[in-house]
Amino acid sequence: MPITTTRRRLLAGSAAALALPAFARAQGAVKPRLTAISQWSAGSDGAAITALGKKFEEKGGVWQHSPVPGFTTEMMNKLRAQIMAGDPPACSQLKGPEIAAWSKIAPTVDLDAVVAAAGYEKVVAPDLAKLHKPAGKWIALPLQIYSTNMLFLSKRAMDKAKADKIPVTWADFNDLAEKMKAGGVASPIANGGTRPDDGQKFEAALAGISPAAYRAAIMNLDKKALEGPEIKAAFAQVRKIADWMDPNVGAQHFSTNLKRFVDGDMGMMIMGGWAQGVLRNAGFKFEDFTIAPGPSDNGKPVFLLNADAFIFWQRKEADLQAGQTLMAQLVMDPAIQTMYSQITGSIPVRTDVDLSGEGWSEGQRTTSAALKSAIASNQALLSMAHNMAQENGMTAAMIDVITEYVKNKTIKPEQAATRLADAVEGAR
Amino acid sequence: MRDRSFAPSRILIYLVVLLIAAAWLAPLAVVVLNSLRSNEEIAQGSMIGWPQHWAWSNYLTAWSGFCVAETCAGIRPYMLNSALVTTPATIFSTLLGAIAGYAVSLWRFRGDTWIYGIVTLGLFLPQQMRLLPWTIVLRDIGLINTLAGLVLIHTIQGLSFTTLFCRNYYVAIPHELIRAARIDGAGFFRIFWRIILPLSGPILVVTVIWQFTHIWNEFLYGVTFTSGQQQPVTAALIALSAAVADIPQHGVQSAAVIIAALPTLLIYLLGGKYFVRGLTAGAVK
Amino acid sequence: MSNVATMKPVRPALPEWVRRLPEYLMIWVPLLLSAAHLVSFSLWTIWISFTPSTLVPVSGWVGLRNYSSVLASRNWQIAFDNLLLFGSAFVLLSAATGLALAILLDQRIRGENVLRSIFLYPLAVSFVVTGTVWSWLLNPGLGIQKLVHDLGWTSFKFDWLIDRDMAIWTIVIAAIWQSSGFAMALFLAGLRSVDTDIIKAAQIDGAGPVRIYRRIILPSLWPITITVVVIQLQFAISTFDLVRALTNGGPGIATQLPALVVYDLMFQRSLLGRGAAAAVLMLLILLAVLLPYAAWRYVQRRRAAHA
């Protein structure tokens, strides 16, 4: 795909708008058009993608977004059908190792020039950047970042427990949960019971106990690490978490519990920043809860990275190509990332965005600080539960074991560890 | 056994029937009540409860208010999409199934049992398995992302059911009737229009009801083979229930469920009597 | 060609097949399309099950590897066991419920139309909606259990949805609610077509209602029962949306069913080859059910032909 924006350097988002007229001339003055597929249809996700579309239209583009409501699987079905029909969307939502997997089945756009023009590479965490250029060239662009192991603390539950110290290690966490229980908090843990939710409990436990073991076992699938003592310890911690949950939650989503969480009937939640967007949309106040990095036994924040991204598929049409360039510029634009994150509760991908200003929450600032610290201490890891560490098949095999363990209290941590190692072998 | 007196045994019968009917209605009642409670009210209490404030606005939001990404038009446009697919697909599959069933049952031709057997096996082939092959077929005939493509899928897949039920129904029609008409010089279509179709009321009701509800409620093909503005009503319902980035919208969701189910419910209410009558004649052979 | 026009009054006798072309087209095109799609889709799936396909179909040959890994997976084993339990429980109970409802409705009761509609209406509702609504009702923290607790009976317990041994029964409940109306309609159809003369004769002979049901009416429902069982079995084997909305295979993986495993492998895990293998295994289960039925039908027809 020809990208001809070399004459002007696009340093920041405001510059992108200025650069556009020149770009459009180079393309033969076509009106940029973008066909996009995502699953973002409802709530803060729907609101954010809609706002992005508006910006696209403001820049003179034609925005043709096709949301596929429901599960990621249906979105992928749609994408697969379009690709098999030889009619891929100009860009689509995709993330983690799936970017590499899917890029093998259809030609993608080489975004190196437009990324270089924006100077984007310097401001993206290296581990994250790697996922978006699986064969060395940028083909996808991350849009926003979450940490899946942020710790949400209910103010009212803290009051009940007469606690004001934010737990740092798992031991602190367990103490606080006991205190909450003693103080009359019905369920110290407010998590839901969906498959990714169960996966998050495990990854938070393991990464907090030993980031190195997490990297080796979950990210690199190292056999020895998978049989190591940290895995068993993580399962033991997960059992504690499960015991503090409301057993009635079943397979309900975490959002079902948010009201009880704010009311102090439930105390803590290990969840991604998106919960913040949901809480705010639901009309709850930031004073009602505190957000802190998830428990980490070495005292330094561990960041379990989850990043939403767009992959760009090759198209011949001049207007779609122009649309792809415009979209790429927008996605990398700090102003757009700010807008997006402020709607969803995530943090920007760009590490150079200043979060001290208006519109950012304390929780987002904490998350951003945690990311910087985690990168510095090599504790920024890729989330397994949200399909960042492994391809979907491997992730699902791991979560099978974890979710069964969470729901079946007769399984011993040792047994679960063996099963996890077996499941990984079976899915290789 | 079929007297109308009010002996104790009859009172017992009524009691049992009414109890079961109440149990059968309970889920509907819960949805109707929830559709009139605000999201907040449901979140504070349980899913089963009497509305404290009648939230009629749920219906307005469900009908024309809530957003699926950038389209904030409620369920209305999706209802239209579903109607545009369901109506022709129901008519085509019913008519073609009636003709096929008529041919298989009354005209007997070489290979009919084989082809009939294969077609009815289609009832048992899982949907999920057919998704990718349909993708390839729609791609090759250029109907991907068109409502016509969906109509085609549902017509062809629907033939399994309609052919089976129509054939079973037509088998019971006396062959003498057909023989006499043929001697009079009536051909295939003439007999169909003049003799068979007028007799087909009950079984056509069965197939129409069956096809209509199945196609109306379908989700997997509906979202895979359409884009944005053409999606079926089930997609909008799923968008409302996906709580990934939102607190549950149980009130609006219930209202949308009721609205989306109205066409099929209505069809069952109107056709229920004929449904049993059609089955009486059709499914038993 | 010009002399054809001058011979207008005499219509040339078209060959038989040309004259009957429209009817051949109307009969054969739809039937052949339908049969062709079924046969080719099945063959295609069988082929894919022997390939290393992942995200999209690719050619290649991996022998029975996909089959062995599906058969060895915990998900499939649980799904298969569940299918045996769910399939038999659901088929028996929904047939029994349908029969009971039909007999009750056949007692010439008032308001039969209304009652019949009440038992039939769940058929009009989509599986996704049924699953969602029952997940509300059966969730102990949201539904029936909470309601009873709030009413004051706090020791009441109905938490099958979160009990991994009982969760499969919640699917049975929802499925019975949804589909026994169809069984009822079929049975009612059968009851209505029993020869009334025989019943009258029996009544004159002094037979009571129970005896009439046992000796005359129920035996005559035998063919319908087979139809009901086959249709409900087909429903049981292909149950998908309902489970997905109600338990999504949980708690844990306790309520996996084959259709769920097929979809999960094919599309969620992007292991098309394995998913296809699971689909073929599902077809084999179906055949195991259908072949005896087909044999029974064949024998029946032979008998009818000889009679």
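What share of the contacts in chain A with a separation of 6 or more comes from residues 24 or more positions apart? The figure is 79%. Keep that in mind as we go through chain A. One caution before we do: this is a predicted model.

Chain A, then. There are 19 helices in this chain, along with eleven strands. How does its radius of gyration sit against the globule rule? The radius of gyration is 22 Å, and the rule gives 22 Å for 428 residues, so chain A is as compact as a globular protein of that length. Along the principal axes, the C-alpha atoms fill a box of roughly 70 × 45 × 35 Å. And the burial: 61% of the 428 residues of chain A count as buried.

Next, the domains of chain A. There are two entries in the assignment. Domain 1 takes in 2-144 + 307-348, and domain 2 takes in 150-305 + 359-427. Look at those ranges on the sequence. Each domain is written as two segments. Over C-alpha atoms, the centres of domain 1 and domain 2 of chain A are separated by 30 Å. Where they touch, domain 1 of chain A gives 18 residues and domain 2 of chain A gives 22.

Stay on the domain 1 side of that contact. Which elements each supply at least two residues there? They are α2 (43-58), α4 (98-103), α6 (126-131) and α16 (334-344) of chain A. The largest share comes from α16(A), with four residues. By class, this side of domain 1 of chain A has seven nonpolar, eight polar and three charged residues.

Now a closer view, at two strands. Find β1, residues 33-38 of chain A, and β2, residues 62-67 of chain A. They run parallel, and six bridges join them. One position to pick out is I37(A), which stands opposite S66(A) in β2(A). How does the chain get from β1(A) to β2(A)? It crosses through α2(A), and this β-α-β crossover is right-handed. We have met that helix already: α2 of chain A is among the elements on the domain 1 side that touches domain 2.

On to the chain contacts. Start with chain A and chain C. Each gives 24 residues to the contact. On the chain A side, the elements with two or more residues are α3 (72-84), α4 and α18 (392-407). Which of the elements gives the largest share? That is α18(A), with seven residues. The classes on this side of chain A are nine nonpolar, ten polar and five charged. Note α4 of chain A again: it also appeared at the contact between the two domains.

Then chain C and chain B. Here the contact takes 71 residues from chain C and 61 residues from chain B. On the chain C side, helix α3 (residues 21-48) of chain C has the largest share, 15 residues. That side of chain C has 49 nonpolar, 15 polar and seven charged residues.

Last, chain C by itself. The assignment gives domain 1 as 1-48 and domain 2 as 66-306. Their C-alpha centres lie 41 Å apart. How many residues does each domain of chain C bring to the contact between them? Domain 1 of chain C brings four, and domain 2 of chain C brings six. On the domain 1 side, the split is two nonpolar, two polar and no charged.

Definitions and conventions. Residues are numbered from 1 along each chain as its sequence is written. Chains are lettered from A and ligands numbered from 1 in the order in which they are written. This is a predicted model: local features need pLDDT of at least 70, side-chain atom pairs count only at pLDDT 80 or more; totals for chains, interfaces and linings use all residues. Two residues are in contact if their C-beta atoms, placed from the backbone, lie within 7 Å. Ala, Val, Leu, Ile, Met, Phe, Trp, Tyr, Cys and Pro count as nonpolar, Asp, Glu, Lys and Arg as charged, and the others, Gly among them, as polar. The radius of gyration is taken over C-alpha atoms; the globule rule is 2.2 Å times the number of residues to the power 0.38. A residue is buried if 20 or more other C-beta atoms lie within 10 Å of its own, exposed if 12 or fewer, and partly exposed in between; C-beta atoms are placed from the backbone. Domain bounds come from an automatic or database domain assignment. Two strands pair if DSSP finds at least two bridges between them. A crossover is right-handed if, with the strands pointing away from the viewer, the path from the first strand over the helix to the second runs clockwise.
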